[in-house]
Amino acid sequence: MSNESKKYQIIYIFMHIFFWISYLISWSYTAVYLTYRGQSSTTIGLVTGIGAIISVIAQPLLTSFIEKSHFLDIKKLIIFIKMLSLGFAALIHFIPTNGLLIIVLFTLVCMLDVSLTSMYNSICMDTVNRGININFGLGRGAGSCFYAISSVVFGYLVKDAGPGILMPLYILFSLLAVMAVVAFPYVKPALNKGNVVLEKNDNDLERAGGSDKKRNGLFSKYPFLMPFLVSTVLVFMGHSMFNMFLINVIERAKGDSSSMGIALAIAAATELPVMSFATKLSKKFTTTKLLMISTLFFTFKMLLSFFAFNMAILFIAQFMQCGAFAIYTPVAVYYINEKLESKDRAMGQSLNGAFSLGLGGAVGNIIGGVIVDNFGVPAMILFAAGISLLGFFFMLLAKKRG
């Protein structure tokens, strides 16, 4: 790796570290904080769900706007969005009431943060396609590693100081995230210009025909794309509802907020080694096969969690994150970059982000909240297992189509 690539890699690692620590607070501790502010599980599900739904619409629109703009680029948009979410978090912290305004502001924070995930993917892929050697999995894995450490630390902080400490922490790490993005030397790619491909298939990706098709024709142009995105929605529905109401799962297993920190840390800690080697794994097994295997890991994790009547079993279930989220997240990014032509990749990454933590998170959190309030935690876990398994069959369909 050249000195230039090392510089990019280091900054990109810090971008992920600070972003995912802030994301931990806005999403994984949502139930803890909003319960502290007097909200029900159904309301919590609606807050995150509506936020994610808005992001589903926003991400492709923002990507299309960036591609056409001569002034705006992904880097500038990330900085603007993160500063906006930081401002909303400050209002949440200082507003004394627990009514509708808090719900609206928290919904906006959730929406803005989930919208950023695909942009973090794209800013890396744009740079890699310019010939700068950045390991996406290493950056994303470092984010997961510090997500894990922060999960433990925040769990004990919340236990000792109360959930009110979460918003100041969010503001702090959001500021650090902005500083890291500012330091990243991003260059906006030229429109309709062929780029270097991340791993392979240089010739395959520059397939003839369809160069003037609009992006709303992506699904006819790439028949595998829709079943892949449906699979993504399903597995992230299960993943999101499970994580959103993890505190309820932990209480069922006789744990507390410090146990939640440990559970999140175990899952996140398994991600760094797997994500770091995602590039090599993609070469050896193909991205399609890895995604199919990952959907099964999501299913097995939920089934084991269903039988977790104590924290020891639940901690074991959390280790299965290494084959679930740890594989699916980076490999899905590589999958899009390999299979779509250069001019379609930015929109493909936006759709991937919109359908995963966006639509999948939205529907999962809303349904999860309703299930927890009306049928209980065990029913929610079984539902998550079932839709994760369904995701495997849609990924199998995607394989057959492309």
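This is a short tour of selections to make in the viewer, with a note on what is found at each one. The model is predicted, and the residue numbers used here count from 1 along the chain.

**Helix H1 and Ser22**

Begin by selecting residues 3–28, which form helix H1, a run of 26 residues that reaches 36 Å from its first C-alpha to its last, close to the 38 Å expected at 1.5 Å a residue. If you then colour H1 by accessibility, you will find that the helix is mostly covered, with 20 of its 26 residues buried.

Within H1, select Ser22, which counts as buried because its relative accessibility is 0%. Show its surroundings and, leaving aside neighbours within four places in sequence, you will see Ser22 in contact with Lys82, Asp113, Tyr170, Phe173 and Ser174.

**From Ser22 to the pair Asp113 and Lys82**

Two of those partners deserve a selection of their own, since the side chains of Asp113 and Lys82 meet in a salt bridge, with 2.9 Å from N to O. Asp113 belongs to helix H5 and Lys82 to helix H4 (residues 74–94), so this pair ties together parts that are 31 residues apart in sequence. Both ends are out of view on a surface display in the sense that Asp113 is buried and Lys82 is buried too.

Stay in helix H5 (residues 100–128) and move to Cys110, a residue that is buried, with a relative accessible area of 0%. Not counting residues up to four places away in sequence, Cys110 touches Ser26, Trp27 and Thr48. For a distance to draw in the viewer, take the C-alpha atoms of Cys110 and Ser85, which are 25 residues apart along the chain and separated by 8.4 Å.

**Where H6 crosses H17**

Next, select residues 136–161 and residues 325–339 together, which are helix H6 and helix H17, and look at how their axes come within 10 Å and cross at roughly 145°. The crossing of H6 and H17 is right-handed. On the H6 side, show Phe136, Gly137 and Arg140, and on the H17 side show Phe325, Thr329, Pro330, Val333 and Tyr334, for these are the residues that meet. By type, the residues of this contact divide into 5 nonpolar, 2 polar and 1 charged.

**Along H6 to the loop between H11 and H12**

Now select Lys159 and Asp256, whose side chains meet in a salt bridge with 3.5 Å from N to O. Lys159 lies in helix H6 whereas Asp256 lies in the loop between H11 and H12, so the pair ties together parts that are 97 residues apart in sequence. Lys159 is partly exposed, with a relative accessible area of 47%, and Asp256 also counts as partly exposed, at 32% relative accessibility.

Lys159 leads on to Ser257, a residue placed in helix H12; leaving aside neighbours within four places in sequence, Ser257 is in contact with Gly155, Lys159 and Ile247. A longer line can be drawn from the C-alpha atom of Ser257 to that of Leu340, since these two, 83 residues apart along the chain, are separated by 43 Å.

**Two residues with positive phi**

Most residues other than glycine have a negative phi, and the next two selections are worth setting beside that general rule. Lys254, in the loop between helix H11 (246–252) and helix H12 (257–269), has a phi near 65°, a positive value in a residue other than glycine. Lys254 is exposed, with a relative accessible area of 71%.

Then go to Thr286, which sits in the loop between helix H14 (278–285) and helix H15 (287–306), and which has a positive phi of about 70° although it is not a glycine. Thr286 is partly exposed, with a relative accessible area of 33%.

**A network of salt bridges around Glu341**

For the last stop, select Glu341 and Lys221, whose side chains meet in a salt bridge with 3.6 Å from N to O. Glu341 lies in the loop between H17 and helix H18 (345–374) and Lys221 in helix H9 (residues 218–221), so the pair ties together parts that are 120 residues apart in sequence. Both Glu341 and Lys221 are buried. Extend the selection to Lys343 and Asp344, because salt bridges that share partners join Lys221, Glu341, Lys343 and Asp344 into one network. For the model as a whole, the count comes to 5 salt bridges.

Conventions. Predicted model: local features only at pLDDT ≥ 70, side-chain atom pairs only at ≥ 80, totals over all residues. Heavy atoms only, no water. Axes fitted to C-alpha atoms, helices over the stretch in contact; angles between N-to-C directions. Helix = DSSP H or I, 4+ residues; strand = E, 2+ residues; numbered from the N terminus. Left-handed = near helix turned anticlockwise from the far one by under 90°. Contact = heavy atoms within 4.5 Å. Nonpolar A, V, L, I, M, F, W, Y, C, P; charged D, E, K, R; others polar. Expected span 1.5 Å × (residues − 1). Buried < 20%, exposed > 50% of the residue type's maximum accessible area, 1.4 Å probe, protein only. Salt bridge = Lys/Arg side-chain N within 4 Å of Asp/Glu carboxyl O.
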